[in-house]
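Please open the model in your viewer and keep the sequence panel beside it. The tour below moves from one selection to the next and describes what is found at each stop.

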Amino acid sequence: MKGERMMRDVNGFERSGEVAAERLKRAGSVLIIGHIDADGITASSIASVSLRRARIENSVHFVKKLDEAAIKKVHAHPADTFWFVDLGSAMLSKLDEDRCIITDHHRPEPLKEEVLYREGHVNPHLFRIDGSTEVSASGVTYMVAKKMNPQNQDLSAMAVVGAVGDFQESAEGRLIGYNRSILDDAVALGLIRAEKDVRLFGRETRPLPAFLQYSSDPALLPFITHRRRMSIVDIINEDRTAHDEDHMECIDLVRKAGVEIVDGGSLRTWSQLTRDEKRRVVSAVVERIIEAGKGVATVRRLIGEVYSLSPDLPGSPPGWLTASTENDAGKADERVPPLAMRAVLDAKEFATLLNACGRHDRPEVGLAVCLGDRGKGLEEALRQQEDHRQSLRRAIDLIRCDPEFGTMTVTRGGTALSSVRYFNARDRIEDTILGTVAGILIGTAGIPADRPLIGFALSGDGTCTIKVSGRGTPVLTAMGLDLASAMREASTSVGGAGGGHNVAAGATIPEGKEEEFLLVIDRLVNGQLSPSA
Ligand code: C5P
């Protein structure tokens, strides 16, 4: 990138954080502008707590995207300093240099060195630290918070949640690079336990059979039901009976491994199993994987490092976990079961909860949970999560089952695409969950991960524009895929704007430009994946 330095320079990165911290400490009042996803929400909470501790007046304003209209609104705010977290680098040239601090991990717009390295702009990419895999915005914000005051080390746990929320542990199955030092800070304070375990989602909250049945990275169901599926049904023709049978097979597998599913009248979760019980279930699962002829790759994704959070994170009331269990024990019809509240004890589940709040226009609820609300705030966040799950289920069904909205490799105008696959959900999927949907779908049955998946939907802000989301895989990025630059160039070429990361990027384009956009991004991705062609 133009202006970017050649060598990895952690000291330089931290020095830029120190400069930002000094400026923040001199501020009279600060408006924090945060992005609405898990990383943006955790980053906003870190910024807010560090300012509060420094006795600096502050408030948080969340935005879905930072365009010129949003920037104009921010600049009109009476605060003397604006702290942009998880956004800002892509709009650097439009931000008031004297009043803005930016802690971001997205690739900055290509600008002259003196603009990129100006005081108050803190971004790992400028120092050859990869903002997609090595540190997220919450990590960058945490680094600055710790420079403001070493006592802010206890905010490290939130930075780990943010990094996991941005899938930074996904490619290697563990946090790497600068994230490692943030994790060390959290482990040293006893706020996080990092251990080798199965990486599946729902260790704290999902009852054992559902934990296996609904796993997606890797999906275990095809292996668990392998024998039955071979003889009777096609996976695509799944119906209610198949669904129930799947559930029974998962129960069967756990029981045959000699592990009880129920304990004292309640369903057990993975986190409640002993080491030996976990080992027995994993052996049974691995046996099925090998039997189905898929070995190492799936097993490698199954096991990795997982991050358990202490119930006593900064701000949370002491003893809340025991209290919530006791209070709810007698209320069978309580809407939020105590088990669900354990979501804040696992980094991946916590991040998913925050994403659900943000994607459903309630980022402030997620922020309250980050700040320690384990009462009404947490209950509301869990309700948001249930709504979020239903929206995702509906969206995935639409793309999978409705031929009018299914994925395509030929444009409407009839041109065959060589390097991207796409779907156009029009007004049927909310723009805020489009990226999540594309991320879930890529690599599932009928949607191979041999090329990135691009989703289109009508923007939800009434501007007659189209939201675009693109998702790749670590294998594709290793082959040269850089969706951020392809998305930026293709959207700009049709009068829109976009950016993001090599593996996940987004854009907004004018309505009616989808065809033209697809032709450009297809050519660009083709060039990235076959550079000599
Ligand atoms: O919205 P979506 O989840 O697809 O965004 C993926 C990534 O692309 C995010 O990191 C987001 O900040 C970035 N993005 C962007 N410009 C846009 C839309 C998304 O930089 N117009």
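## A strand, its partners and the ligand

Begin by selecting Val468 together with Ala507 in strand S14, since these two residues are bridge partners. Bear in mind throughout that this is a predicted model.

Now extend the selection to both strands, S12 (residues 465-471) and S14, which run antiparallel and are joined by 7 bridges. Strand S14 covers residues 504-510, and because 5 of its 7 residues are buried, it is largely enclosed by the rest of the structure. The cut-off behind that step is a relative accessible area under 20%.

Next, add strand S13 (residues 497-500), which pairs with S14 in the antiparallel sense over 4 bridges. To see the register here, select Ala497, which stands opposite Thr508 in S14. The connection from S13 to S14 is a hairpin, made through 3 residues.

With the three strands still displayed, turn on the ligand. Which strands supply residues to the shell around the ligand? S12, S13 and S14 each supply at least two, and S14 gives the most, with 5 residues. In total 17 residues surround the ligand, and the closest are His106, Lys467, Ser469, Arg471 and Gly499. Colouring the shell by class would show 10 polar, 4 nonpolar and 3 charged residues.

Three contacts of the ligand's oxygen atoms can then be inspected one by one. Select Ser469, where an N or O atom of the side chain is 2.5 Å from an oxygen atom of the ligand. Move on to Gly500, whose contribution comes from the backbone, with an N or O atom lying 3.3 Å from a ligand oxygen. Finish at His501, where an N or O atom of the side chain is 3.5 Å from an oxygen atom of the ligand. Taken on its own, the ligand has 460 Å² of accessible area, and the protein covers 81% of that.

## Salt bridges elsewhere

Leave the ligand and show the charged side chains, for which a search of the whole structure finds 27 salt bridges.

Select helix H12 (residues 275-291) and look at Asp276 and Arg279, which are 3 residues apart in this helix and therefore separated by about one helical turn. Their side chains meet in a salt bridge, with an N to O distance of 2.5 Å. Asp276 also meets the side chain of Arg280 in a salt bridge, at 3.0 Å from N to O. Asp276 and Arg280 are 4 residues apart in helix H12, so this pair, too, is separated by about one helical turn. How accessible are these side-chain partners? Asp276 counts as partly exposed at 34% relative accessibility, Arg279 is partly exposed at 49%, and Arg280 is partly exposed at 28%.

For a contrasting stop, select Glu404 and Arg426, which form a salt bridge whose closest N and O atoms are 2.7 Å apart. This pair links distant parts of the chain, 22 residues apart, with Glu404 in the loop between helix H18 (376-401) and strand S10 (421-424), and Arg426 in the loop between S10 and helix H19 (434-441). Glu404 is exposed, with a relative accessible area of 55%, whereas Arg426 is partly exposed at 33%.

As the last selection, display Asp197, Arg203, Lys278 and Asp346 at once, which are joined into one network by salt bridges that share partners.

Conventions:
Residues numbered from 1 in each chain as written. Predicted model: local features only at pLDDT ≥ 70, side-chain atom pairs only at ≥ 80, totals over all residues. Heavy atoms only, no water. Buried < 20%, exposed > 50% of the residue type's maximum accessible area, 1.4 Å probe, protein only. Pairing = 2+ DSSP bridges. Near = heavy atom within 4 Å. Polar contact = N/O pair within 3.5 Å; in protein donor to acceptor, adjacent residues only side chain to side chain. Areas by Shrake-Rupley, 256 points an atom, 1.4 Å probe, with all protein chains shown as cover. Nonpolar A, V, L, I, M, F, W, Y, C, P; charged D, E, K, R; others polar. Salt bridge = Lys/Arg side-chain N within 4 Å of Asp/Glu carboxyl O.
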